[in-house]
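Dear colleague,

Please find below the structure that I am handing over to you. My notes on what was found in it follow directly after.

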Number of protein chains: 2
Amino acid sequence: MRFHVFGAICALGIAGQASAAEDVDALVGAMLGDTPIIGDLQILTDQIGGRVTGSPSSKAAVDWARARFEQAGVSAKIEPFEMPSQWQELAVSATVSGDHTFTPRVIAKPFSAGADQLSAPLLDAGPGTKDDFARLGDAARNAWVLIESPLLTDEIGLNGLFAEYSDAAHSEALAFAAGAAGVVFMSSRPNNLLYRLPLLSGKGRLPLLLMERESATRAQRLLRDGKSLSLTASIEVDSGYAYQSANVIGEIRGSSRPDEIVLIGAHLDSHDLGTGALDNGANASMMIDIARQITRLGLKPARTIRFALWNGEEQGLVGSWRYTQQHQDELDNHVMAASFDIGTGRILGFFTGG
Amino acid sequence: MRFHVFGAICALGIAGQASAAEDVDALVGAMLGDTPIIGDLQILTDQIGGRVTGSPSSKAAVDWARARFEQAGVSAKIEPFEMPSQWQELAVSATVSGDHTFTPRVIAKPFSAGADQLSAPLLDAGPGTKDDFARLGDAARNAWVLIESPLLTDEIGLNGLFAEYSDAAHSEALAFAAGAAGVVFMSSRPNNLLYRLPLLSGKGRLPLLLMERESATRAQRLLRDGKSLSLTASIEVDSGYAYQSANVIGEIRGSSRPDEIVLIGAHLDSHDLGTGALDNGANASMMIDIARQITRLGLKPARTIRFALWNGEEQGLVGSWRYTQQHQDELDNHVMAASFDIGTGRILGFFTGG
């Protein structure tokens, strides 16, 4: 976590003066020394676990994080906000039948509609472009359309990931327009791995599945070999209503310029298929540890530092957006804001936003 | 598949004479050229799929293989035999609860007993040695014991795999002796991967689960941190009765020494979690292709060549053992026998048996 720590501390913007530079050295040194950061991360992942915004574990994470800031001697508050639309997967299953029968591993794409033993022909929709749907024509109506994804390798990286997100949203809109019964996305990761694509288009309009790559490519080969297949799926979700979540905001008041706010944050929420260690427990724990070490070392930053742990990030950066609404009167006082995401290690890039 | 093909053809034992050497060259050349071997493998994996001995797809594979030999102009027969004990997984689920709750991905170990919402304390039994069970003492009685496995890497290879098999059998026997309610084995493969351990000890004596490594290590860390956990599991299996299976035996009669039999074989069956391409569809398809190419090239081997596709291999080499019983009167006529298993590529080693 060495380089991420250094980047986060630089983001505090307190370097550039002789004493501030020494403070930064002391802070980096402390954080790379014997800190409870790994223990914190272990509580967040092993004990609290996956923490989808709106779940009981998400609430547990909020309470834990506030307590952890306060145990570190940093004042912290819970700032509730409304999430527009609940979505959580409860149970999902699917069977491919017809000329051949098998039971692939599937999950629902976030904001999928529910389905109760929805049985329909399964059609090869290639990569799911406009041309693919034009080729399918009326056949797509009331059918499950199988959308191919290129294999996502480490070399392709984030660009490939974001292309997959937007391609999926595009295919989903085309499938909806074509009157498809539902969409089956092929996992872009090998070895049976499933993951949650983000929401980038319409909510709850169609049943949307993600199928592990080996079974999806098998179905695709069979279809391309002229075999006739159907898919029967059940998708049980808890969805559709607004609900309360909260950000956790820790604060160390500035010693000489308290009205100037430096904000650093990380999202506290995760999806539910794993325990959210790299995305984003590592950075949430780092926020707590930076606050803890500043207090422990007795550093007195000139400006006010806010440590924000967001929720609703995986649903479209909702928590951080709510912060800007709730704090709009003091936005002009924010001299800097940075949010840390996607793992540990060297900082690989920046996303800038207004 | 280059080196495997060459190895298999050498195993026919027809090299050493000038014309035989030319025949081998012709055969290797033909098999590395344009053959239906990949198409055959694709039917066996994509269309027939996982083919546990005793399943409908196992029967389909037997019929398909016999037909494929005969289409290649090689006489083939189905030789039925009795399998001692059916075991197939129907449905398995488990939830960890107590101080923390999560739902790990699990399967049953082959020949696991069934269980219906069996709820019991989950205990850390370390690597499951005699000392571990001595340490647990009476606590193991009526508890689920979690057995740690070292990570199995490519570098550790087959030795590690076989050590895992025998360690699991040893731990299982100790758990049974200790009166445990059931055993939870930690997957030795990372990234959520599950697989079927073989049967090496008592059948159906205990409920036996394999849990994906990430959740199993999470449970282990929580237990070692003093947390109290229970496991509730349901294991639905179809098991316990003798049933019929069959080997498929193709044969090309020898031209000058027909009573001398050279046998080459490969198991046709697979487990059910995948489609059995490397273990062992690749070699089953190779047996069919060797037979096909000998016929197509008009080769006249001196000795009789038998091509055996075994079933019941994953249940303990049952099919090949049944062959030796059914053919005991002609065993002395077998001048050589070799069975090909575990994938494609260079031959990495030999297991010898009497």
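In this predicted model, Arg292(A) and Asp40(A) form a salt bridge through their side chains, with 2.6 Å from N to O. This pair ties together distant parts of the chain, since Arg292(A) belongs to helix α8 (residues 277-297) of chain A and Asp40(A) to helix α3 of chain A, 252 residues apart. Over all chains, the structure holds 30 salt bridges.

Domains of chain A

The domain assignment divides chain A into domain 1 (2-83 + 242-340) and domain 2 (87-239). Seven residues from domain 1 of chain A and seven residues from domain 2 of chain A make up the contact. Taken over C-alpha atoms, the centres of the two domains are separated by 36 Å. Between them, domain 1 of chain A and domain 2 of chain A bury about 610 Å², and carbon and sulfur atoms give 57% of that area.

Which residues form a salt bridge with N and O atoms 2.6 Å apart at their closest, one of them being Asp272(A)? The partner of Asp272(A) is Arg196(A). Across the interface of the two domains of chain A, one salt bridge is found. On the side of domain 1 of chain A that touches domain 2 of chain A, two residues are nonpolar, four are polar and one is charged. The count of residue pairs in polar contact between these domains is one, with both residues at pLDDT 80 or more.

The interface of chain A and chain B

A turn of 180 degrees, with a shift of 0.0 Å along the axis, lays chain A on chain B with an RMSD of 0.0 Å. That is the relation of a two-fold axis. Of the interface residues of chain A, 100% are also interface residues in chain B, so the copies meet through the same surface.

In this interface, 17 residues of chain A are in contact with 17 residues of chain B. The two chains bury about 1,300 Å² between them, with 38% of it on carbon and sulfur atoms. Within chain A, the residues that lose the most area to chain B are Asp46(A), Gln47(A) and Arg218(A), which together account for 45% of what that side buries.

Two salt bridges are found across the interface of chain A and chain B. In a salt bridge of 2.4 Å from N to O, the side chain of Asp46(B) meets that of Arg221(A). Between the two chains, 12 residue pairs are in polar contact, both residues being at pLDDT 80 or more. Helices α3 (37-48) and α7 (213-224) of chain A each supply at least two residues of the side that touches chain B. The largest share of that side, five residues, comes from α3(A). By type, the residues of the side of chain A that touches chain B divide into three nonpolar, eight polar and six charged.

Backbone points to inspect

Most residues other than glycine have a negative phi, and most peptide bonds are trans. The peptide bond from Asp279(A) to Asn280(A) is cis, with omega near 25 degrees, and Asn280(A) lies in helix α8 of chain A. In chain B, the peptide bond from Asp279(B) to Asn280(B) is cis with omega near 20 degrees, and Asn280(B) is found in helix α8 (residues 277-297) of that chain. Asn142(A), although not a glycine, has a positive phi of about 60 degrees. Asn142(A) is placed in the loop between α5 (130-136) and β5 (144-147) of chain A.

With kind regards

Terms used. Residues numbered from 1 in each chain as written. Chains lettered and ligands numbered in written order. Predicted model: local features only at pLDDT ≥ 70, side-chain atom pairs only at ≥ 80, totals over all residues. Heavy atoms only, no water. Domains from an automatic or database assignment. Contact = heavy atoms within 4.5 Å. Buried area = accessible area lost by both parts, 1.4 Å probe. Salt bridge = Lys/Arg side-chain N within 4 Å of Asp/Glu carboxyl O. Polar contact = N/O pair within 3.5 Å; in protein donor to acceptor, adjacent residues only side chain to side chain. Nonpolar A, V, L, I, M, F, W, Y, C, P; charged D, E, K, R; others polar. Least-squares fit on C-alpha atoms with pLDDT ≥ 70 in both. Helix = DSSP H or I, 4+ residues; strand = E, 2+ residues; numbered from the N terminus.
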